[in-house]
Amino acid sequence: MINLATATSNESMTTVTLAKIDELAQQYAAARRVVSERVKALEAEIASLQRRRVGAIKVAAAEAADLSTELRVLIERAPHLFVRPKTLTLHGVTLGFRKGVGKMEWEDDAKVVALIRKHLPGQADVLIVTEEKPSADALKNLEARDLARIGVHMECTGDFVVVKSTDSSIDKLVTKILKEGAQAAEPAQ
């Protein structure tokens, strides 16, 4: 593993060349391949384990669903047992009766807004949500001086270093593992 403090001081004494960058990029690509291979091996083991266990899980889930149905039928037949309190917790299972929250539905927002304005005009400001916010897509088309005049600041518009694999088959887990490895290698401050 490269010590960044030592590498920085040593590199400042020598000239950085494209050949050196190429060599380090080759080492990085090889290290990523090792991580990728190990992640793929892990995923293969997980898939194999899932295939071996999924049948038993489905059987257990079906049994639990059947017992849940039986329990619901019994509770529906005995509402007198759930007057006060309306629910009980037995063996980590809450059961009984609960008042439904309900769900409001409407087909056309504009129609409901128009009817609120017509029939309940005094409550329109409470019943109707009006949202105003800047449009990021439209703001992207403005020049920098206009953005500055309206208090919008652009960030990350200059050049920046990119080290990203072009291999799209490597999933986000590889990147996460590499990131965690880089954080672990950083000295504590």
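By class, what lines the second largest pocket is 5 nonpolar, 4 polar and 3 charged residues, and I should say at once that we are looking at a predicted model. The space in that pocket comes to about 280 Å³. Two elements, α2 (18–77) and β2 (93–96), each give two or more residues to its lining, and α2 gives the most, with 5 residues. If you want to find the pocket on the screen, its lining includes Ser 68, Leu 71, Arg 72, Ile 75 and Glu 76, and further along the chain Thr 87, Val 93, Thr 94, Leu 95, Gly 96, Phe 97 and Arg 98.

Let me stay with some of those names, beginning with the strands. β1 and β2 pair in the antiparallel sense, over 4 bridges, and in that pairing Thr 87 has Gly 96 of β2 as its bridge partner. Both Thr 87 and Gly 96 are also among the residues that line the second largest pocket.

The hairpin that β1 and β2 form has 2 residues between the strands, and His 91 lies in that loop. Here the backbone deserves a careful look, since most residues other than glycine have a negative phi, whereas the phi of His 91 is positive, near 55°. Is His 91 buried or exposed? With a relative accessible area of 83%, His 91 is exposed.

Next comes Phe 97, another of the residues lining the pocket. The structure holds 1 aromatic pair, and it is made by Phe 82 and Phe 97, whose ring centres are 6.0 Å apart and whose planes stand at 70°; because an angle over 60 degrees counts as edge-to-face, that is how this pair is classed. Phe 82 sits in the loop between α2 and β1 (87–90), while Phe 97 sits in the loop between β2 and α3 (109–119), so the pair ties together parts that are 15 residues apart in sequence. As for accessibility, Phe 82 is buried at 9% relative accessible area, and Phe 97 counts as partly exposed at 28%.

The loop between α2 and β1 that holds Phe 82 is also where Pro 85 is found. Most peptide bonds are trans, but the one from Arg 84 to Pro 85 is cis, with omega near -5°.

To draw this together, the stretch I would ask you to keep in view runs from the cis bond between Arg 84 and Pro 85, through the hairpin with His 91 at its positive phi, to Phe 97, which both lines the second largest pocket and pairs edge-to-face with Phe 82.

Conventions: Residues are numbered from 1 along each chain as its sequence is written. This is a predicted model: local features need pLDDT of at least 70, side-chain atom pairs count only at pLDDT 80 or more; totals for chains, interfaces and linings use all residues. Side-chain values use heavy atoms; hydrogens and water are left out. On a 1 Å grid over the protein atoms alone, a cavity is a set of points where a 1.4 Å probe fits but cannot get out, and a pocket is an open set with protein on both sides within 12 Å along at least five of seven lines; lining residues have an atom within 4 Å of a point. Grid points are joined across faces, edges and corners, and a volume is the space filled by probe spheres set on the points. Ala, Val, Leu, Ile, Met, Phe, Trp, Tyr, Cys and Pro count as nonpolar, Asp, Glu, Lys and Arg as charged, and the others, Gly among them, as polar. Rings of Phe, Tyr and Trp (its six-membered ring) pair if their centres lie within 6.5 Å; planes under 30 degrees apart count as stacked, over 60 as edge-to-face and the rest as tilted. Buried means under 20% relative accessible area, exposed over 50%, partly exposed in between (1.4 Å probe, protein chains only). Two strands pair if DSSP finds at least two bridges between them.
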